[in-house]
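Student: Could you take me through one part of this structure in detail, together with its surroundings? I would like a connected account rather than a list.

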Amino acid sequence: MFVVATAGHVDHGKSTLVRALTGMEPDRWAEERRRGMTIDLGFAWTALPSGRTVAFVDVPGHERFVPNMLAGVGPVPVALVVVAADEGWMPQSAEHLAALDALGVSYGLLVVTRADLADPGPALAQARHRLAGTSLRGVDAMAVSAVTGAGLPELRAALDRLAGALPAPAADAPVRLWVDRSFTVRGSGTVVTGTLGAGRLAVGDELELAATGEVVRVRGLHCLGTARDEVASVARVGVNLRGTPRERLGRGDALLTADRFHRTELLDVRVTGDPAADLPTTLTLHVGSAAVPARVRPLGTDTVRLRLARRLPLLVGDRALLRDPGRHHVAGGVTVLDVAPPPLRRRGAAVARAAVLATLDGRPDLAGELRRRGLARAGDLTRMGVAPAGPPVAGDWLADPGHWRQLGTRLAEEVDRYATAHPLEPGAPVELLRQRLDLPDRALVTALVRPPLRRHAGRVTGAPADTLPEPVEHAVARVRAAYAAHPFRAPEADHLADLGLGPREIGAAVRAGALLRLADNVVLLPGALDDAVRVLAGLPQPFTLSTARQALDTTRRVAVPLLELLDRRGATRRLPGDTRIVVGP
Ligand SMILES: Nc1nc2c(ncn2[C@@H]2O[C@H](COP(=O)(O)OP(=O)(O)OP(=O)(O)O)[C@@H](O)[C@H]2O)c(=O)[nH]1
Ligand SMILES: [Mg+2]
């Protein structure tokens, strides 16, 4: 199936043409039929000679109903531009064409109808001329009469050719179904309809409501009046939602594949049409079937920041339009450049931002996105419409390579700075480093730790300090002098304290290799282990704790942890009966 939206001035024969092609009545309301005028969107479909199905979204031409028209064409990138032979180009012909051009609609047909009432030649020439400067330039054009049927076979053939030229829908893309109608079916509950432009839907799917993020479940699907278990794009589709009251959603809302869209109220866009500086401060943004008031802040000559009155599920590269409802004026086409733009706080930020936006074209660009953001989560990028690739640096974080290298350098500097400011601490706390580097996740700090940096117990240490703070150096020197003659007589705790060696100082001296810690408050000089092995090797083997203690000229306070440490290091081995031997040389 493919879907075509009509466009054109009021009374130019759009609905009559759809009726003639499909045998279906696009004007659904009694009021529409009474007044002979389309007010809201109409839907009809038929088989073409090739067997393909074409579905029409028939729009109203009256100037009062332009918002309805925009809700119809917004999600449908194919247009049937209708002009009456006897009236020619009219104001809403121009306004509708401006909207299609702003949205970048490039597939369609130009049909001059009511050809039985006047020579279609002039209207055809005039309309062709109008289309020439737009996204619809060069589309097939023909004259028809819906009353006599003249030209309808040619039109059907042209629709078939058009269908063959359309790009294949992205079958695996996430679903963003813009709702164009919602109603209640007795016994089934709420049904919404829309044009499924990409992806597929199946009964049982869980979808997200764009307005609220609420998750809803698909209870039933309809396509062209037939119940279906699954519907693939492109299609007109009716979705029955389980347990969702009708008031919860309506035109302008969207059903989304869960967790695949960033719902934003702030975006940076490129505008075509009026210069950015000339735009009013408030306009209406039309995208999909939605129409949302937007505050406009010009940034560059053709780039602006929009603040929306409500969140919309937008992706980089989306097309939309800005309209001034009071003036019946399509102010410009919109290409979405950034759906998660940085705040503009500092002086000069707007100018800098304009320079960045000048380099963007709305094509998703992973490398550029990372360059601008430095770091980004893969999931966030996906939700913006930028496909992530490559290995993450930590968790699901992707990084710009240059930025990541720079962070590594800064981490080393911060670790150094911390060590200088806190020489007795065993490294800088990870959380503090996260704050200093302004990183959003501690896992990133951890991932940045490279030798010679090391991570230990929630801290990052640099290369071991070979110089100790002077007071500690002094204290250690005094320990060395005092115990040279009795290397295994560890100083008592209060003696250490007298020397100025508290737990932190001892920790620093141990890390620097100036002292050897056997147990809390039991420290020896670094060479003590080798000396002890030499002394013990000279004893008759095996030897007892008491023999060892006497040979080492020390107390149990030292001998017990010393022998245990030697056991652990494999220098001695403990035998049954609490004796030991020295192992190896
Ligand atoms: N003679 C003749 N009359 C036509 C033809 N097509 C439409 N009409 C008449 O033109 C009038 C308007 O036709 P509609 O189909 O309602 O026009 P529309 O473009 O749908 O109008 P809106 O939806 O209100 O914008 C009706 O009275 C139709 O009968 C045609 O090919 N020949
Ligand atoms: Mg109509």
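**A strand and the two ligands**

Tutor: Strand β1 (residues 2-7) pairs with β4 in the parallel sense over three bridges, where strands and helices are DSSP runs numbered from the N terminus (E, at least two residues, for strands; H or I, at least four, for helices) and pairing requires that DSSP finds at least two bridges between two strands. This is a predicted model, in which local features need pLDDT of at least 70 and side-chain atom pairs count only at pLDDT 80 or more, while totals for chains, interfaces and linings use all residues. Residues are numbered from 1 along each chain as its sequence is written, chains are lettered from A and ligands numbered from 1 in the order in which they are written, and side-chain values use heavy atoms, with hydrogens and water left out.

Within the pairing of β1 and β4, Ala79 is the bridge partner of Ala5, and Ala79 also has a bridge partner in β5, namely Gly108. Seven bridges join β4 to strand β5 (residues 107-113), and these two strands run parallel. Together with helix α4 (residues 91-103), β4 and β5 make a right-handed β-α-β unit; right-handed here means that, with the strands pointing away from the viewer, the path from the first strand over the helix to the second runs clockwise.

Strand β4 itself (residues 78-84) is mostly covered, with seven of its seven residues buried, that is, under 20% relative accessible area (exposed being over 50% and partly exposed in between, with a 1.4 Å probe and protein chains only). Val78, Leu80, Val82 and Ala84 point one way from β4, and Ala79, Val81 and Val83 point the other way.

Turning to the ligands, the magnesium ion (ligand 2) has Ser15 (OG) and Thr38 (OG1) as its protein donors, lying 1.9 to 2.0 Å from it; donors are N, O and S atoms within 2.8 Å of the metal (3.2 Å for Na, K and Ca), and because water is not among the atoms, sites may look incomplete. Ser15 lies in helix α1 (residues 14-22) and Thr38 in the loop between α2 (30-35) and β2 (42-47), so the pair ties together parts that are 23 residues apart in sequence. Both Ser15 and Thr38 are buried.

Thr38 is also among the closest of the 20 residues that surround ligand 1, alongside Lys14, Thr16, Gly61 and Arg114, a residue being near if one of its heavy atoms lies within 4 Å. A polar side-chain atom of Thr16 lies 2.5 Å from an oxygen atom of ligand 1.

Conventions
A polar contact is a pair of N or O atoms within 3.5 Å; within protein, one must be able to donate a hydrogen and the other to accept it, and residues adjacent in sequence count only if both atoms are side-chain atoms.
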